[in-house]
Amino acid sequence: MSAQPSIVIAGGAFAGLALALALRQGLGEAVPVIVADPALASRPSRDPRATAIVAACRRLFEGIGVWDEVGPGAQPILDMVVTDSKLADATRPTFLTFAGEVEPGEPFAHMVENRLLINALVTRAEAEGVTLRATAVTAYQAHDAGIDVTLADGETVHASVLVAADGARSKLRERAGIATHGWEYDQSGIVVTVGHERDHEGRAEEHFLPAGPFAILPLKGRRSSLVWTETRKEATRITALPDDEFHAELEQRFGLHLGEIKALDKPRAFPLGYFVAHVIHPIAGQGLNMGLKDIAALAEVIVDAARLGIDPGMASVLERYQRWRRFDTMAMGAATNALNVLFSNDSTLLRGVRDIGLGIVDRLPPLKNIFIKQAAGLSGEVPRLLKGEAL
Ligand SMILES: Cc1cc2nc3c(=O)[nH]c(=O)nc-3n(C[C@H](O)[C@H](O)[C@H](O)COP(=O)(O)OP(=O)(O)OC[C@H]3O[C@@H](n4cnc5c(N)ncnc54)[C@H](O)[C@@H]3O)c2cc1C
């Protein structure tokens, strides 16, 4: 058993690795930071998906030293259009447009390919002396002097804090008895990368179709990442279609405004759900961003405590984190759920209501700016790392 209390992070994906780097930066080498995740054995990552990273989270990546590596491959979202129509409609009238800057020269979001981000985080973590262990956390025992964390390879690590960054359906959260409530949607998100003839010019499109949102998100080059909502049954059917039939389904929804299109990888379906906290519908592209806001707040709370000589594992320290993030997490969950209910249906009445709402937002620049700030993660009590400040 190691003598010095470490901080152990279970989960070495985006949230876990970003937290490890933030803590390393704020605490220095005195406190060992260990990230344990069996998936670290299969790096570099080849995940074909991409994620919208909002401005606040881009500032976090800049602060922890990975944006130099990721930025050149990231596609800024320069503007966004929202349409609302039926599948067979010949045209898709635009109800809302956003020009995408939070500050002059700072786009409200970037599309980043998951593998680029994860590989940059792993490389940086190794360079900064974070201990990476390709093994799972299987158990833990909390006591007055800290927490003993058992790894799948049989070792026990004495830690001051154990952070569960083990994903949306976290087993460690369950084990800790942290209640979640929510439901599975009868929806899956089909994810596929599409190549197209014409340039997207940094435009993101969200088409509200009867089955749910169909989002076209720009990637570097003449490529876009799709998040396409269908009922679970329909998503299973569509992803199993032969290439030519899949292409026909895709073209019907995507349209030909960017010229000829072609799927560049195998479409995959992800079941969608809503759980407080942290499982939300990808309708607003906020899932990971929410996790990154958590880790920015947690890193700040831990580093502030350590600087005052307070044990970061004390309940009072971690309660500050809990209070800080609770409202934002619940509000974001409720908002994405409401959007999904409002937009994933074919009711003529609801279509009228939502289109009036979108039209009002579109004509009121101050309201639009509030939405942009909110979507970019820059409203409320923003942690220092998300403001681009050092810890
Ligand atoms: C269709 C779709 C589209 C999305 N689009 C967006 C978007 O545009 N923007 C956005 O912000 N978010 C988006 N998301 C959400 C985003 O993908 C997730 O929020 C993000 O992957 C969560 O990252 P994470 O690091 O918290 O966890 P994960 O990426 O889930 O990683 C958890 C890690 O923990 C490890 N692990 C599990 N158990 C243990 C254990 N016991 N011990 C150690 N390690 C363990 C796993 O191996 C894994 O590597 C989308 C999600 C879906 C389904």
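What follows is a short chat about the ligand shell, the largest cavity and the aromatic pairs of a predicted model.

Colleague: Starting with the ligand, how many residues surround it?

Modeller: The ligand has 23 residues around it. The closest are A15, D37, G285, L288 and N289.

Colleague: What is the make-up of that shell: nonpolar, polar, charged?

Modeller: The shell around the ligand has 14 nonpolar residues, seven polar ones and two charged ones.

Colleague: And polar contacts with the backbone. Which ligand atom does F14 face, and at what distance?

Modeller: A polar backbone atom of F14 is 3.2 Å from an oxygen atom of the ligand.

Colleague: What about the nitrogen atoms of the ligand?

Modeller: A polar backbone atom of A36 sits 3.4 Å from a nitrogen atom of the ligand. For V137, a backbone N or O atom is 3.0 Å from a nitrogen atom of the ligand.

Colleague: How much of the ligand's accessible area does the protein cover?

Modeller: On its own the ligand has 1000 Å² of accessible area, and the protein covers 76% of that.

Colleague: Which elements give two or more residues to the shell?

Modeller: Those are α1 (14–27), β3 (50–54) and α8 (287–307). The largest share is from α8, with three residues.

Colleague: Changing topic. How many cavities of 30 Å³ or more are there?

Modeller: The count is one cavity of 30 Å³ or more. The volume of the largest cavity is about 60 Å³.

Colleague: Which residues line the largest cavity?

Modeller: The lining is made up of P48, R49, A50, V191, V192, T193, S225, D265, K266, R268 and F270. By class, the lining has five nonpolar, two polar and four charged residues.

Colleague: Which elements supply at least two residues of that lining, and which gives the most?

Modeller: Strands β14 (181–196) and β19 (268–276) each supply at least two residues of the lining. The most comes from β14, which gives three residues.

Colleague: Last topic, the rings. How many aromatic pairs are there?

Modeller: The count is three aromatic pairs. One of them is W183 with Y274, whose ring centres are 4.9 Å apart.

Colleague: Why is the W183 and Y274 pair put down as edge-to-face?

Modeller: The planes of W183 and Y274 are at 70°. The cut-off for edge-to-face is over 60 degrees, so the pair is edge-to-face.

Colleague: Where in the chain are the two residues of that pair?

Modeller: W183 is in strand β14 and Y274 is in strand β19. They are 91 residues apart, so the pair links distant parts of the chain.

Methods. Residues are numbered from 1 along each chain as its sequence is written. This is a predicted model: local features need pLDDT of at least 70, side-chain atom pairs count only at pLDDT 80 or more; totals for chains, interfaces and linings use all residues. Side-chain values use heavy atoms; hydrogens and water are left out. On a 1 Å grid over the protein atoms alone, a cavity is a set of points where a 1.4 Å probe fits but cannot get out, and a pocket is an open set with protein on both sides within 12 Å along at least five of seven lines; lining residues have an atom within 4 Å of a point. Grid points are joined across faces, edges and corners, and a volume is the space filled by probe spheres set on the points. Helices (H or I, at least four residues) and strands (E, at least two) are DSSP runs, numbered from the N terminus. Ala, Val, Leu, Ile, Met, Phe, Trp, Tyr, Cys and Pro count as nonpolar, Asp, Glu, Lys and Arg as charged, and the others, Gly among them, as polar. A residue is near a molecule or strand if one of its heavy atoms lies within 4 Å of it. A polar contact is a pair of N or O atoms within 3.5 Å; within protein, one must be able to donate a hydrogen and the other to accept it, and residues adjacent in sequence count only if both atoms are side-chain atoms. Accessible areas come from the Shrake-Rupley method with a 1.4 Å probe; for residues, only the protein chains shown count as cover. Rings of Phe, Tyr and Trp (its six-membered ring) pair if their centres lie within 6.5 Å; planes under 30 degrees apart count as stacked, over 60 as edge-to-face and the rest as tilted.
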